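This briefing goes through a single protein model by topic, beginning with a hairpin and moving on to the sheet, the helix packing and the interior space. Please keep the sequence and the structure in view while reading.

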Amino acid sequence: MIAGCASNPRATSQNYPQNQVWAGRISLQVASEPVQSFSASFELKGRAEQGELTLISPLGSILGVLRWAPGQAVLDSGNQKIQRFASVDELMERTTGAAVPLSALFAWLKGDNASAEGWSADLSRQPEGRIAARRVLPAPEADLRVVLDQ
């Protein structure tokens, strides 16, 4: 019974000591047929070139861990289910339904309005820990929302 209330501990940034760690909630809606919606708590470590994104369910269980480095991208879904991808863009698209521009996402989290092809970001509430971005091209359209823990 006690184990049912246990939660997975948050990972530390020991593998990425020179980089910031972000945590909060992320949602992505893709206007495909049918519409795809994805929402989870997250912890993001590293940088666009090498990092780790842990996705966490509302009950605190880990949905998956995405890891990337030059020349490799891996999704660990638990239970020894590991998928390898040719690029981090392919990994993000297969996991979330849209190729989220990781380089731009890291910049947006820092408050830098980086450009990403087809995406426009609204950073007006970034000081409050809120980021919104929209992809118009290529189709289908996608809406990304990030709310950081304060």
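In this predicted model, strands E1 and E2 are joined by a hairpin through 5 residues. The two strands run antiparallel and are held by 10 bridges, and they belong to an open sheet of 9 strands with antiparallel pairing.

**Strand pairing along the chain**

- Within the pairing of E1 with E2, Gln29 stands opposite Ser37 in E2.
- E2 goes on to form a hairpin with E3, with 4 residues between the two strands, and 6 bridges join this antiparallel pair.
- Across the pairing of E2 with E3, Lys45 stands opposite Glu52 in E3.
- Strand E4, residues 62–69, runs antiparallel to strand E5, residues 72–76, and 5 bridges connect them; here Leu66 stands opposite Leu75 in E5.

**The sheet as a whole**

- The strand order in the open sheet is E6-E5-E4-E3-E2-E1-E9-E8-E7.
- Strand E6 (82–85) and strand E7 (119–122) are the edge strands, each of which pairs on one side only.
- From one strand to the next, the twist averages 20°.

**Helix H2 and the aromatic pairs**

- Helix H2, made up of residues 102–109, lies across E1, strand E2 (36–46), E4, E7, strand E8 (130–135) and strand E9 (142–148), and it runs at about 40° to E9.
- The model holds 2 aromatic pairs, and one of them is formed by Trp22 and Phe106 in an edge-to-face arrangement, with 5.6 Å centre to centre and 70° between the planes.
- Because Trp22 lies in strand E1 and Phe106 in helix H2, this pair ties together parts that are 84 residues apart in sequence.

**Interior space**

- A search of the whole structure for cavities of 30 Å³ or more finds 1, and about 60 Å³ of space lies in the largest cavity.
- Which residues line the largest cavity? Its lining consists of Ile26, Leu28, Phe38, Leu53, Leu55, Met92, Thr96, Val100 and Leu144.
- Strand E1 (21–30), strand E3 (51–56) and helix H1 (88–96) are the elements that give two or more residues to the lining of the largest cavity.
- By residue class, the lining of the largest cavity divides into 8 nonpolar residues and 1 polar residue, with no charged residue.

Definitions and conventions:
Residues are numbered from 1 along each chain as its sequence is written. This is a predicted model: local features need pLDDT of at least 70, side-chain atom pairs count only at pLDDT 80 or more; totals for chains, interfaces and linings use all residues. Side-chain values use heavy atoms; hydrogens and water are left out. On a 1 Å grid over the protein atoms alone, a cavity is a set of points where a 1.4 Å probe fits but cannot get out, and a pocket is an open set with protein on both sides within 12 Å along at least five of seven lines; lining residues have an atom within 4 Å of a point. Grid points are joined across faces, edges and corners, and a volume is the space filled by probe spheres set on the points. Ala, Val, Leu, Ile, Met, Phe, Trp, Tyr, Cys and Pro count as nonpolar, Asp, Glu, Lys and Arg as charged, and the others, Gly among them, as polar. Two strands pair if DSSP finds at least two bridges between them. Axes are lines fitted to C-alpha atoms, for helices over the stretch in contact, and angles run from 0 to 180 degrees between N-to-C directions. Contact means heavy atoms within 4.5 Å. Rings of Phe, Tyr and Trp (its six-membered ring) pair if their centres lie within 6.5 Å; planes under 30 degrees apart count as stacked, over 60 as edge-to-face and the rest as tilted.
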